[in-house]
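These are my notebook entries on a structure that I looked through part by part. I wrote down what I looked up and what I found.

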Amino acid sequence: MGWPVEHSLSPAMHNAAFAALGMTDWRYDLLPIQPDIVRQSLKILRDEGGYTGVNVTVPHKQAVMPYVKPDAIAQALGAANTIDFRNNSATNTDVAGLIDDLTANSVKLNGENVLILGAGGAARAAVYGLVHAGANVTVTNRTAERAQIMLADLTLSAGIRSAQFKPLEEAAQNDFSLVVNCTPVGMWPNVDASPWSDDVDFPAGVTLYDMIYRPERTRLIETCESRGGRAIGGLGMLVRQGAAAFKIWTGKAAPVDVMYEAAQAALAAKK
Ligand code: NAP
């Protein structure tokens, strides 16, 4: 459920997973839900809709929190993207989505210095996941105050104290092995934009994880590769956050490769 949701790749990947596992009585629907009817919609879907659970996307991830039982991750982030109606529990699988995809791509995290670009919901998930994976996290953001509020919130909600804010010019002086773009800058249709200032050299030889998956190759990915780095786009994160939700609802391990192919095909069909 979201508003709007027409752009979502999730039905394609979940329905492909149900088909691959022969789960013919399962179906994933798109539910456009206006912001003023979130509470009633949850109740109707749960009590009358026959739904096992729901994925929650923009702009409802925070709004659903008072009506569910959030786990430690959703509480820490103040936002949920997956609800299981059978016990009304809620979590945020963006954390698993990012960390599982970094791990699947053999990116080392424990003890590594990581720079996060952005301070919105996706950045919160990244800071939480990366600190718990043992990384030393620095955050940079266009609006310093928003990053400072995010870090203060994470200290209060999750006891995270080690992550720090630095302006880009200062942060770029440090030695990072991984940069994670958690901003929408460079996303289609504004593909010529980059969250990295042209006035600051992009670090050489680092790994970049760009959460954007449309386009597959952002300007930031090209900058990273031109500096001898390795770049990974965000489609794998989308698939793996979906795979984590699939496991919660069905109790079955998700066919990640099937979901990836379906998401990629749905994305190509949008071009
Ligand atoms: P959000 O809450 O709106 O946060 C956006 C962040 O980007 C803010 O820190 C904002 O900075 C920064 N930003 C926006 N426009 C900017 C610009 N022109 N220049 C510099 N900074 C700018 O968004 P979100 O929910 O965190 O999502 C961020 C991105 O991650 C989106 O593209 C989303 O699609 C992607 N995402 C991908 C996945 C995946 O599975 N691959 C999952 C979650 C999110 P200010 O604070 O200064 O406004």
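**Entry 1: a nonpolar patch**

I began at the surface of this predicted model. I found a nonpolar patch of about 290 Å², made by Met 187, Trp 188 and Val 191. I then looked up where Val 191 sits, and I found it in the loop between strand 8 (178–181) and strand 9 (207–210). Is Val 191 buried, partly exposed or exposed? Val 191 has a relative accessibility of 33%, so I entered it as partly exposed.

I also checked the peptide bond between Trp 188 and Pro 189, and I noted that this bond is cis, with omega at about 5 degrees. Pro 189 is placed in the loop between strand 8 and strand 9.

**Entry 2: a further cis bond and the segment before helix 1**

I recorded a cis peptide bond between Val 58 and Pro 59, where omega is about 5 degrees. Pro 59 belongs to the loop between strand 1 (53–55) and strand 2 (69–70).

Next I turned to Trp 3, which lies in the segment before helix 1 (10–20). Which residues does Trp 3 contact, once its neighbours within four places in sequence are left aside? I listed Pro 32, Ile 33, Gln 34, Pro 35, Val 58, Pro 59 and His 60. Both partners of the cis bond, Val 58 and Pro 59, are thus among the contacts of Trp 3. I also looked up the separation of Trp 3 from Val 56: the two are 53 residues apart along the chain, and their C-alpha atoms are separated by 9.8 Å. Trp 3 has a relative accessibility of 39%, and therefore I entered it as partly exposed.

**Entry 3: two domains**

I looked up how the chain is divided, and I noted domain 1 (10–92) and domain 2 (96–235). The contact between them takes five residues from domain 1 and six residues from domain 2. Taken over C-alpha atoms, the centres of domain 1 and domain 2 are separated by 27 Å.

How much area is buried between domain 1 and domain 2? I wrote down about 450 Å², with carbon and sulfur atoms giving 65% of this area. On the side of domain 1, Ile 73, Ala 76 and Leu 77 lose the most area to domain 2, and together they account for 82% of what that side buries. I then searched for salt bridges between domain 1 and domain 2, and the count was zero.

**Entry 4: salt bridges**

I noted first that side chains of opposite charge can pair when their charged atoms come close. How many salt bridges does the structure hold? I recorded ten, and I looked at some of these pairs.

Arg 86 and Asp 84 meet in a salt bridge, at 3.0 Å from N to O. Arg 86 has a relative accessible area of 53%, so I marked it as exposed. Asp 84, at 8% relative accessibility, counts as buried.

Glu 112 and Lys 108 form a salt bridge at 2.9 Å, N to O. Glu 112 is buried because its relative accessible area is 18%, under the cut-off of 20%. Lys 108, with 56%, is exposed.

Arg 46 and Asp 47 also form a salt bridge, and their closest N and O atoms are 3.8 Å apart. I found that these two residues belong to a network of salt bridges with Lys 43. Arg 46 counts as partly exposed at 27% relative accessibility, and Asp 47 counts as partly exposed at 48%.

**Entry 5: positive phi**

I looked for a positive phi in residues that are not glycine. Asn 88 has a phi of about 60 degrees and is found in the loop between strand 3 (82–84) and strand 4 (89–91). Ser 106 also has a phi of about 60 degrees, and its place is the loop between helix 4 (94–104) and strand 5 (113–117). Which is Asn 88, buried or exposed? I entered Asn 88 as buried, because its relative accessibility is 15%. Ser 106, at 65%, counts as exposed.

**Entry 6: Ala 254**

My last entry concerns Ala 254, in the loop between helix 9 (235–250) and helix 10 (256–270). With a relative accessible area of 17%, Ala 254 is buried. Not counting residues up to four places away in sequence, Ala 254 touches Ala 243, Phe 246 and Met 259. I also looked up Thr 138, which is 116 residues from Ala 254 in sequence and 33 Å from it in space, C-alpha to C-alpha.

Notes: Residues are numbered from 1 along each chain as its sequence is written. This is a predicted model: local features need pLDDT of at least 70, side-chain atom pairs count only at pLDDT 80 or more; totals for chains, interfaces and linings use all residues. Side-chain values use heavy atoms; hydrogens and water are left out. Patches are made of residues with over 30% relative accessible area and no salt bridge: like charges are joined within 9 Å, nonpolar side chains (Val, Leu, Ile, Met, Phe, Trp, Tyr) within 5 Å. Accessible areas come from the Shrake-Rupley method with a 1.4 Å probe; for residues, only the protein chains shown count as cover. A salt bridge is a side-chain nitrogen of Lys or Arg within 4 Å of a carboxyl oxygen of Asp or Glu. Helices (H or I, at least four residues) and strands (E, at least two) are DSSP runs, numbered from the N terminus. Buried means under 20% relative accessible area, exposed over 50%, partly exposed in between (1.4 Å probe, protein chains only). Domain bounds come from an automatic or database domain assignment. Contact means heavy atoms within 4.5 Å. Buried area is the accessible area (1.4 Å probe) that two parts lose on being put together, summed over both.
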